[in-house]
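Me: Please take a close look at the nonpolar patch on the surface of this model. I would like to know which residues form it and how they are placed in the chain.

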Amino acid sequence: MLALVLVLLLALLLFGFGFALKVLWWVALIVFVLWLLGFIARGTTAAGSRGRWYRW
């Protein structure tokens with residue numbers, strides 16, 4: 001009985017890791033798209049030239 005519980009617990013743990021990795025991939029994709037949009041649609045300076053794409 002203990003072995004069955006351990007196997008089920010291991011399967012649940014591995015399923016949880018797989019689900020978390022899938023969610024993290026979607027989050028990374030969304031952040032990448034937002035970064036690209038910010039890079040493409042960055043504002044211009046008062047002189048009319050494009051500003052730096054980074055903030056520091």
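Reply: Trp26, Leu29, Ile30, Phe32, Val33, Leu34, Trp35, Leu36, Leu37, Phe39 and Ile40 make up a nonpolar patch on the surface, and together they have about 1100 Å² of accessible area. The model is a predicted one, and the values below are computed from it.

One member of the patch, Leu34, is found in helix α1. With a relative accessibility of 57%, Leu34 counts as exposed, because the cut-off for that class is over 50%.

Two further members, Phe32 and Trp35, deserve attention as a pair. The structure holds one aromatic pair. Phe32 and Trp35 form this pair, which is stacked, with 6.1 Å from centre to centre and 25° between the planes. The two residues are three apart in helix α1, so about one helical turn separates Phe32 from Trp35. In general, an α-helix has 3.6 residues a turn, so residues three or four places apart point the same way. Neither ring residue of the pair is classed as buried: Phe32 is partly exposed, with a relative accessible area of 45%, and Trp35 is also partly exposed, at 44% relative accessibility.

The setting of these residues is the helix itself. Helix α1 comprises residues 2-40, 39 residues in total. From its first C-alpha to its last, α1 reaches 57 Å, close to the 57 Å expected at 1.5 Å a residue. The number of buried residues among the 39 of α1 is zero, so the helix lies largely in the open.

The chain as a whole gives the wider context. Its secondary structure consists of one helix and zero strands. Of its 56 residues, 0% count as buried. The accessible surface of the protein chain comes to about 5600 Å², and carbon and sulfur atoms account for 80% of that area.

In summary, the patch has about 1100 Å² of accessible area, and its members include the stacked pair of Phe32 and Trp35 as well as the exposed Leu34.

How values were computed. Residues are numbered from 1 along each chain as its sequence is written. This is a predicted model: local features need pLDDT of at least 70, side-chain atom pairs count only at pLDDT 80 or more; totals for chains, interfaces and linings use all residues. Side-chain values use heavy atoms; hydrogens and water are left out. Helices (H or I, at least four residues) and strands (E, at least two) are DSSP runs, numbered from the N terminus. The expected span of a helix is 1.5 Å times one less than its number of residues. Buried means under 20% relative accessible area, exposed over 50%, partly exposed in between (1.4 Å probe, protein chains only). Accessible areas come from the Shrake-Rupley method with a 1.4 Å probe; for residues, only the protein chains shown count as cover. Patches are made of residues with over 30% relative accessible area and no salt bridge: like charges are joined within 9 Å, nonpolar side chains (Val, Leu, Ile, Met, Phe, Trp, Tyr) within 5 Å. A salt bridge is a side-chain nitrogen of Lys or Arg within 4 Å of a carboxyl oxygen of Asp or Glu. Rings of Phe, Tyr and Trp (its six-membered ring) pair if their centres lie within 6.5 Å; planes under 30 degrees apart count as stacked, over 60 as edge-to-face and the rest as tilted.
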